[in-house]
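Me: I have a few questions about how the terms are applied to this ligand site. Please set each value against its definition.

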Amino acid sequence: MIERILPSVTVAHHAFDDAVDAELFPQEAAVVAAAAAVRQREFATVRRCARESLAALGIPPMPLLPGERGAPLWPRGTVGSMTHCLGYRAAAAARTDEITALGIDAEPHQPLPEGVLEMISLPGERAHLSSLGADRHWDRLLFSAKESVYKTWFPLTRRRLDFRAVSVGFQPADRTFTAEFLVPGPRIGEDEVRGFHGRWLVDQGIALTAIALLPARPHLRQVAR
Ligand SMILES: CC(C)(COP(=O)(O)OP(=O)(O)OC[C@H]1O[C@@H](n2cnc3c(N)ncnc32)[C@H](O)[C@@H]1OP(=O)(O)O)[C@@H](O)C(=O)NCCC(=O)NCCS
């Protein structure tokens, strides 16, 4: 499902549950040894998805451990992203010569809990969501888009990003979105990235967003300000 909103150079695998036993490397098992069983299972399933994706890129199975602030450490020469929510787990990976940074997120396609939208959005975003129609839970898609932004942003910057430091706008016609940074963006070579382009999808009760930053694509560095 997530592969529908990712470029073809990206490999993605998903699962709708934790039914298939997924083995962990001892170092990975140690990370979740004290966690609840449900967390251990999602952690294992999403790593199975990630190893399947990496295998398609020719990367043999290896531990995928959390690094700084939980960002997973991907094998040299690859980038990737993982997500899990009730009813869906997914991982995507690509070679760094094809994709510079990657972020994916899945959420149940349900309204956000009371009060959350106000915490994660700007007044202008809320006005924008109101104009989009009632056929989608745009508040949840906004949250997911910002999680995808953060997963793409963090490995590039090693910086936190406040929910209200990014302004997201959706284009329903082609199921894309733009995320404009209101703080200094990541630097890639000589360029400052001012925002990301992403894609979104709602399918089988799951809201999905994805961002894949392509190398040497100047328009991605010039998102409308
Ligand atoms: C880290 C965070 C983005 C995870 O998102 P989530 O919707 O809670 O959970 P998901 O299941 O979709 O994703 C979890 C996975 O994200 C990945 N992840 C965690 N921290 C990460 C980071 N700093 N950078 C990139 N990926 C990260 C991990 O692979 C994790 O799975 P794992 O623990 O099994 O390895 C979220 O918990 C968080 O801290 N958000 C606050 C910051 C933020 O989003 N700001 C928005 C700015 S616009």
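Me: What makes the pair formed by an oxygen atom of the ligand and the side chain of H84 a polar contact?

Reply: This is a predicted model, in which local features need pLDDT of at least 70, side-chain atom pairs count only at pLDDT 80 or more, and totals for chains, interfaces and linings use all residues. Residues are numbered from 1 along each chain as its sequence is written, and side-chain values use heavy atoms, without hydrogens and water. A polar contact is a pair of N or O atoms within 3.5 Å. The ligand oxygen is 2.7 Å from an N or O atom in the side chain of H84, so the pair qualifies.

Me: Which polar atom of R69 faces a nitrogen atom of the ligand, and at what distance?

Reply: A polar backbone atom of R69, at 3.1 Å. That is also a polar contact, because the limit is 3.5 Å.

Me: Why is T83 called near the ligand?

Reply: Near means that a heavy atom of the residue lies within 4 Å. A polar side-chain atom of T83 is 2.7 Å from a ligand oxygen, so T83 is near.

Me: How many residues of each class are in the shell around the ligand?

Reply: The shell has 9 nonpolar, 3 polar and 9 charged residues.

Me: Which element gives the largest share of the shell?

Reply: α5, with 5 residues.

Conventions
Polar contact = N/O pair within 3.5 Å; in protein donor to acceptor, adjacent residues only side chain to side chain. Helix = DSSP H or I, 4+ residues; strand = E, 2+ residues; numbered from the N terminus. Nonpolar A, V, L, I, M, F, W, Y, C, P; charged D, E, K, R; others polar.
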